[in-house]
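Open the structure in your viewer and keep the selection tool handy. We will walk through it stop by stop.

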Amino acid sequence: MANPEDAPRALNRDRGLEAVRSWTWTAGLAGVGLTGVLAFVAAGSFAGHQAAAAAPAATDPGTTVDNSGQVAPQPAPQDSLGNSNQPPAAVSGGS
Amino acid sequence: MLASAEFRSLGTGVRVLTTEADALQAAVAAVQLVLDQVDQTCSRFRSDSEVSQLNQAGGHPTVVSPFLFFALETALGVSRMTQGAVDPTVGTAMKIIGYDRDFDDLPSDGAFKVAVRPVPGYESIRLDHARCAVTLQPDVEIDLGATAKALAADLSAHAAQVAAECGVLVSLGGDIAVAGAAPHAGWPILVAENHATPLNGAGDVITLKAGAIATSTTTVRRWRQDGVERHHIVDPKTGAPARIHWRTVSVVAATCVDANAAATASIVWGARAVPWLTRHHLAARLVAAGGEVTRLSGWPSARVTA
């Protein structure tokens with residue numbers, strides 16, 4: 001015969017199991033979501049690299065890294081005294 | 001209005017900026033997700049990381065996660081691009097010269113003699129695209145340090161831009177990628193030898209509206225081994241730290257992976273880097289061993305702060 005004092009314990013156990021189940025689902029979904037996000041970001045960021053893997057010639061020097069007309073640094077805007085109009089937002093340096 | 005946050009990850013300082021203040025939290029969360037994934041996958045200093053387990057596979061084909069496979073593909077692409085000057089098979093060489101743990105934990109002077117040798121070479125890595133599997137030769141250890149941080153900067157900048165829906169800048173220890181709509185005048189960036197230089201410190205100030213900038217240097221991660229000064233940029237041809245012709249090189253490119261590859265290869269190549277950078281139209285700032293500065297391919301003329 002069941003001990004009436006066990007009822008709250010069983011209830012707590014059930015709630016605990018439910019919480020674990022819920023956390024497992026949440027963690028699983030988060031993991032899948034992160035993998036998906038990274039795959040999406042990677043595909044968007046490096047669309048050319050997948051094709052390059054299939055065709056090694058595309059990664060030869062002078063092909064992928066060539067920067068003509070793509071990205072160029074500009075001098076920082078300055079006032080009439082030659083001082084920068086805005087402070088740097090970040091530092092590029094060795095680490 | 002720009003907003004910024006700073007924290008540490010991957011053993012270095014991280015700085016995230018957004019063009020919209022109320023989007024900062026979303027951007028930071030996205031960056032942290034990516035960096036956690038990179039750390040768990042690519043860190044040579046974590047015994048439980050995927051690359052550490054791959055290094056212990058003893059020459060057997062190993063099925064790896066799509067993310068590690070992608071990181072390896074990126075590293076091999078960089079090796080081909082730099083004709084082997086940047087090579088992920090430097091893992092054993094790094095251990096031999098004493099860089100075998102997080103830099104903060106290195107002894108000030110490891111007192112033992114070493115015998116360096118050329119690294120096995122990136123051509124020895126076999127990738128099986130169909131099975132997402134990797135085979136290393138038994139004596140090969142991978143070190144993704146030369147590319148993983150830059151890859152993390154590119155990925156996290158794009159992830160942050162997607163999450164924040166505004167312009168973002170992500171700096172991982174001085175490797176910087178931007179994404180989305182930049183501020184009107186561009187992102188102002190101080191270019192110095194050490195990423196820990198204060199924002200009002202000495203160096204060139206440039207602006208970027210797109211792409212990335214990376215700086216490689218022999219001046220920051222230095223240690224002594226048996227009385228010999230070491231730095232962390234290994235010349236794969238010798239297995240020893242590269243001879244210093246340029247002590248610091250900064251490069252602007254479309255991606256941080258490309259910028260970092262060009263900067264690191266330039267340290268390894270020395271004087272030969274100039275025609276290569278010029279031929280590929282890569283804006284670069286090179287600091288010679290004695291401190292003289294050379295600016296190439298449209299790098300703005302000196303605008304030195306402080």
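Start by selecting Phe7(B) and Val14(B): Val14(B), in strand 2 of chain B, is the bridge partner of Phe7(B). Bear in mind as you look around that this is a predicted model.

Now add Arg8(B) and Gly13(B) to the selection. Gly13(B), also in strand 2 of chain B, stands opposite Arg8(B). Widen the view to residues 3-9 and 12-18 of chain B, and you have strand 1 and strand 2, which run antiparallel and are joined by 7 bridges. The two strands form a hairpin with 2 residues between them. Click on Leu10(B) in that turn, and you will find a positive phi of about 55°.

**The eight-stranded sheet**

Keep the hairpin in view and bring in its neighbours. In chain B, an open sheet of 8 strands follows the order 1-2-7-8-11-16-17-18, with antiparallel pairing. Which strands stand at the edges? They are strand 1 and strand 18 (293-296) of chain B; each has a single partner strand, so one side of each is left without a neighbour in the sheet. On average, neighbouring strands of this sheet are turned by 10° against each other, direction ignored.

**Helix 1 and helix 3**

Next, select residues 24-42 of chain B, which are helix 1. Helix 1 of chain B lies across strand 1, strand 2 and strand 7 (168-172) of chain B, and runs at about 145° to strand 2 of chain B.

Add residues 66-81 of chain B to see helix 3. The axes of helix 1 and helix 3 of chain B come within 10 Å and cross at roughly 80°. With angles of 65 to 115 degrees counted as roughly perpendicular, these two helices of chain B are therefore roughly perpendicular to each other. To see where they meet, show Gln37(B), Thr41(B) and Cys42(B) on helix 1 of chain B, together with Phe67(B), Leu68(B) and Ala71(B) on helix 3 of chain B. The residues of this contact divide into 4 nonpolar, 2 polar and no charged.

Stay with helix 3 of chain B for a moment. Its 16 residues reach 22 Å from the first C-alpha to the last, close to the 22 Å expected at 1.5 Å a residue. Is helix 3 of chain B largely enclosed or largely open? Of its 16 residues, 14 are buried, so helix 3 of chain B is largely enclosed by the rest of the structure. Step just past the end of helix 3 of chain B to Gln83(B), which takes a positive phi of about 50°.

**A three-stranded sheet**

Select strands 3, 6 and 5 of chain B: in that order, these 3 strands form an open sheet with antiparallel pairing. Strand 3 (62-63) and strand 5 (126-128) of chain B are at the edges, each with a single partner strand, so one side of each is left without a neighbour in the sheet. Strand 5 of chain B is joined by 3 bridges to strand 6 (residues 133-135) of chain B, and the two run antiparallel. For one such pairing, show Arg126(B), which stands opposite Thr135(B) in strand 6 of chain B.

**Helix 5**

Move on to residues 148-164 of chain B, helix 5. At 1.5 Å a residue, its 17 residues should span 24 Å, and the end C-alpha atoms are 23 Å apart, which agrees. Helix 5 of chain B is mostly covered, with 16 of its 17 residues buried. Glu165(B) follows helix 5 of chain B and has a positive phi, near 55°.

**Chain A and its link to chain B**

Colour chain A separately. It has 2 helices and 2 strands, running α-α-β-β from the N terminus on. Buried residues make up 22% of its 95 residues.

Select residues 90-94 of chain A, strand 2, where 5 of 5 residues are buried. This strand of chain A runs parallel to strand 9 (residues 187-194) of chain B, and 4 bridges join the two. Show Ala90(A) and Ile189(B): Ala90(A) stands opposite Ile189(B) in strand 9 of chain B.

**Last stop: Ala242(B)**

Finally, centre on Ala242(B), in the loop between strand 15 (240-241) and strand 16 (246-253) of chain B. Is Ala242(B) buried or exposed? The cut-off for buried is 20 or more other C-beta atoms within 10 Å, and Ala242(B) has 24, so it is buried. Leaving aside residues up to four places away in sequence, Ala242(B) touches Ile233(B), Val234(B), Asp235(B), Ile267(B) and Val268(B). Then measure across to Thr89(B): Thr89(B) and Ala242(B) are 153 residues apart in sequence and 15 Å apart in space, C-alpha to C-alpha.

Terms used
Residues are numbered from 1 along each chain as its sequence is written. Chains are lettered from A and ligands numbered from 1 in the order in which they are written. This is a predicted model: local features need pLDDT of at least 70, side-chain atom pairs count only at pLDDT 80 or more; totals for chains, interfaces and linings use all residues. Two strands pair if DSSP finds at least two bridges between them. Axes are lines fitted to C-alpha atoms, for helices over the stretch in contact, and angles run from 0 to 180 degrees between N-to-C directions. Angles under 35 degrees count as roughly parallel, over 145 as roughly antiparallel, 65 to 115 as roughly perpendicular and the rest as oblique. Two residues are in contact if their C-beta atoms, placed from the backbone, lie within 7 Å. Ala, Val, Leu, Ile, Met, Phe, Trp, Tyr, Cys and Pro count as nonpolar, Asp, Glu, Lys and Arg as charged, and the others, Gly among them, as polar. A residue is buried if 20 or more other C-beta atoms lie within 10 Å of its own, exposed if 12 or fewer, and partly exposed in between; C-beta atoms are placed from the backbone. The expected span of a helix is 1.5 Å times one less than its number of residues.
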